[in-house]
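Please examine the sequence and the three-dimensional structure shown here. An explanation of the fold, its helix packing and selected side-chain features is given below.

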Amino acid sequence: MSGDELLSNHLQELRRGTVVLACLLILRQPNYGYALLEDLDRNGFAVDANTLYPLLRRLEKQGLLVSDWNTDEARPRKFYRTSPEGDAMADALTRDWDSLDHAFRALKGQPS
């Protein structure tokens with residue numbers, strides 16, 4: 001495996017969990033899948049639609065997201081939003097993220 005492939009694999013692993021947290025945070029305001037993809041990309045989370053939609057279904061099945069269909073427009077859209085359980089999960093994951101950020105900064109000799 002080349003160095004580029006190895007880096008790519010490790011970056012993919014590192015980012016996998018961050019996308020979950022990013023979705024839970026962004027979806028505190030209702031949004032539909034395509035707009036969520038754009039929000040994620042705009043905020044530095046490059047996610048493929050083939051990755052995002054199964055993730056949204058999984059988070060909904062876990063009770064972390066709820067969804068509603070908006071049929072007021074010509075094209076019906078499924079809107080997702082973070083559930084109360086999802087809010088609690090986002091808060092817990094954010095606390096852990098902040099703790100890890102502090103630990104990494106200490107390892108690199110940077111002030112936290």
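The paragraphs that follow proceed from the overall layout to the helix contacts, and then to a salt bridge and a surface patch.

The structure is a predicted model. Its secondary structure consists of four helices and three strands, and these elements follow one another from the N terminus in the order α-β-α-α-β-β-α. The C-alpha trace of the protein extends over about 55 × 35 × 25 Å along its principal axes.

The packing of helix 1 may be considered at the outset. Helix 1, which comprises residues 3–26, packs against helix 4 at an angle of about 130 degrees, and the two axes are 9 Å apart. Angles from 65 to 115 degrees count as roughly perpendicular and those over 145 as roughly antiparallel; helix 1 is therefore oblique to helix 4. The crossing of these two helices is left-handed. On the side of helix 1, the contact is made by Thr 18, Leu 21, Leu 24 and Leu 25. Helix 4 contributes Gly 86, Met 89, Ala 90, Leu 93, Thr 94 and Trp 97 to this contact.

Helix 1 also meets helix 3. Their axes come within 11 Å and cross at roughly 65 degrees, so that helix 1 is roughly perpendicular to helix 3. Here helix 1 passes helix 3 in a right-handed crossing. Val 19, Val 20 and Cys 23 of helix 1 make the contact with Leu 52, Leu 55, Arg 58 and Leu 59 of helix 3.

Helix 3 (residues 49–61) packs in addition with helix 2 (residues 33–42), at an angle of about 115 degrees and with the axes 11 Å apart. The crossing of helix 2 and helix 3 is right-handed. From helix 2, the residues in contact are Gly 33, Tyr 34, Leu 36, Leu 37 and Leu 40, while helix 3 supplies Ala 49, Leu 52, Tyr 53 and Leu 56. Leu 52 of helix 3 thus appears in the contact with helix 1 and also in the contact with helix 2.

Charged side chains provide a further kind of link. With a limit of 4 Å between a side-chain nitrogen of Lys or Arg and a carboxyl oxygen of Asp or Glu, the count comes to six salt bridges. One of them joins Arg 28 to Asp 87, with the closest N and O atoms 2.8 Å apart. Because Arg 28 lies in the loop between helix 1 and strand 1 (31–32) and Asp 87 in helix 4, this pair ties together parts that are 59 residues apart in sequence.

The last feature is found on the surface. Leu 100, Phe 104 and Leu 107 form a nonpolar patch there, with about 350 Å² of accessible area together. Phe 104 of this patch belongs to helix 4, which comprises residues 84–107.

How values were computed:
Residues numbered from 1 in each chain as written. Predicted model: local features only at pLDDT ≥ 70, side-chain atom pairs only at ≥ 80, totals over all residues. Heavy atoms only, no water. Patch = residues over 30% accessible without salt bridge, like charges linked within 9 Å, V, L, I, M, F, W, Y side chains within 5 Å. Areas by Shrake-Rupley, 256 points an atom, 1.4 Å probe, with all protein chains shown as cover. Axes fitted to C-alpha atoms, helices over the stretch in contact; angles between N-to-C directions. Parallel < 35°, antiparallel > 145°, perpendicular 65-115°, else oblique. Left-handed = near helix turned anticlockwise from the far one by under 90°. Contact = heavy atoms within 4.5 Å.
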